[in-house]
Amino acid sequence: MILSLKNISKIFVEDSNKLLALDNINLEIAQGDFFVILGPSGSGKSTLLRIMSGLEKEFSGKLNYEGVTKNDFSFVFQQFALLPYLSVFQNVELGLLARGVPKNQRHERVLTELKKLGLEKFVKSYPKELSGGQKQRVGIARALVTSPKIIFMDEPFSALDSFSAEALRKEVLDIWRISQTTIVMVTHLISEALELSNRIAVLTSKPGQIEAVLENPLSRPRQLRSEGFFKMEDKIKELIKI
Ligand SMILES: Nc1ncnc2c1ncn2[C@@H]1O[C@H](COP(=O)(O)OP(=O)(O)OP(=O)(O)O)[C@@H](O)[C@H]1O
Ligand SMILES: [Mg+2]
């Protein structure tokens with residue numbers, strides 16, 4: 001086990017209104033999981049990811065990490081969150097600077113990740129010169145450069161056109177397989193969850209609760225138009241009640 005959640009609840013208070021965003025969440029994430037949190041808008045996916053990753057500190061319940069500290073975490077965000085005044089190289093370098101990695105090592109590690117994501121040509125470019133797909137490649141290179149033990153991703157493909165998203169999903173899968181890192185990813189797309197995950201937590205809304213945690217039984221590489229795939233899609237649709 002790398003991360004476990006016990007009885008996690010989260011209430012947002014706005015004016016005098018209270019909103020139970022997460023209601024008694026229990027989850028265990030294993031080392032090497034590709035764990036997907038799937039649910040409709042407003043079901044508390046991002047809030048749950050923020051709590052798991054230590055970004056959100058106010059909640060009730062218990063969060064346990066085993067063999068990892070916050071320095072082992074990386075993040076990939078839907079809107080990329082690149083710094084516009086830094087070059088691609090400098091954006092990717094940030095995590096290494098924060099960890100005090102010496103300059104010669106930084107250079108090599110940044111270039112290795114940029115190459116892995118096919119970004120060698122853009123080393124000196126600025127975010128505004130890149131397409132959405134390229135920006136998210138930088139976002140992923142930035143996440144990988146610190147050799148994280150867990151990568152938290154919040155809808156990393158949903159701001160991209162469908163071709164870029166499809167290509168990048170495959171690359172993230174390869175990266176996961178080769179690095180054997182743990183990935184916890186949020187999505188609202190059932191097909192994306194089924195393509196990538198080995199386990200899926202299905203969230204329902206109002207209040208955000210876990211409807212089920214499913215093992216993904218589909219063999220890899222996933223056949224997206226197979227009968228097994230469609231059956232799993234239907235099963236999950238029923239759980240979400242859509
Ligand atoms: N900072 C906040 N203050 C008040 N309410 C919030 C805050 N953040 C989220 N909420 C509320 O908590 C609930 C869960 O929000 P959250 O963003 O976690 O959902 P989500 O599943 O990620 O949705 P989406 O798919 O639209 O991103 C929503 O009803 C939202 O309005
Ligand atoms: Mg969200």
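**Exercise 1. State which domains the assignment gives for the protein chain of this predicted model, and describe how they meet.**

Step 1. The domain assignment divides the chain into domain 1, which is made of two segments, 3-68 + 149-240, and domain 2, which covers 84-148.

Step 2. Between the C-alpha centres of domain 1 and domain 2 there is a distance of 25 Å, and the contact draws on twelve residues from domain 1 and seven residues from domain 2.

Step 3. On the side of domain 1 that touches domain 2, the elements that supply two or more residues are β6 (150-154) and α5 (162-179), and of these α5 gives the most, with four residues.

Step 4. By residue class, this side of domain 1 holds eight nonpolar, two polar and two charged residues.

**Exercise 2. Work out whether S164 is buried, partly exposed or exposed, and find which residues it touches.**

Step 1. Locate the residue: S164 lies in helix α5, the helix that gives the most residues to the side of domain 1 that touches domain 2.

Step 2. Count its surroundings: S164 has 18 C-beta neighbours inside 10 Å. A residue needs 20 or more to be buried and 12 or fewer to be exposed, and S164 therefore counts as partly exposed.

Step 3. List its partners: once residues up to four places away in sequence are set aside, S164 touches G132 and G133.

Step 4. Compare sequence with space: S164 and S131 are separated by 33 residues in sequence, while their C-alpha atoms are 9.7 Å apart.

**Exercise 3. Describe which residues and elements surround ligand 1.**

Step 1. There are 13 residues around ligand 1, and those that come nearest are F12, S41, K45, S46 and T47.

Step 2. Two or more residues of this shell come from each of β1 (3-14), β2 (17-29) and α1 (45-52), with α1 giving the most, namely three residues.

Step 3. Sorted by class, the shell around ligand 1 consists of three nonpolar, eight polar and two charged residues.

**Exercise 4. Decide how the compactness of the protein chain stands against the globule rule, and describe the fold as a whole.**

Step 1. The protein chain contains seven helices and nine strands.

Step 2. Its radius of gyration is 18 Å, close to the 18 Å that the globule rule gives for 242 residues, so the chain is as compact as a globular protein of that length.

Step 3. Along the principal axes, the C-alpha trace spans about 50 × 45 × 35 Å, and buried residues account for 37% of the 242 residues.

Step 4. Of the contacts between residues at least 6 apart in sequence, 71% join residues at least 24 apart.

Key
Residues numbered from 1 in each chain as written. Chains lettered and ligands numbered in written order. Predicted model: local features only at pLDDT ≥ 70, side-chain atom pairs only at ≥ 80, totals over all residues. Near = placed C-beta within 6 Å. Nonpolar A, V, L, I, M, F, W, Y, C, P; charged D, E, K, R; others polar. Domains from an automatic or database assignment. Contact = placed C-beta atoms within 7 Å. Rg over C-alpha atoms; globule rule 2.2 N^0.38 Å.
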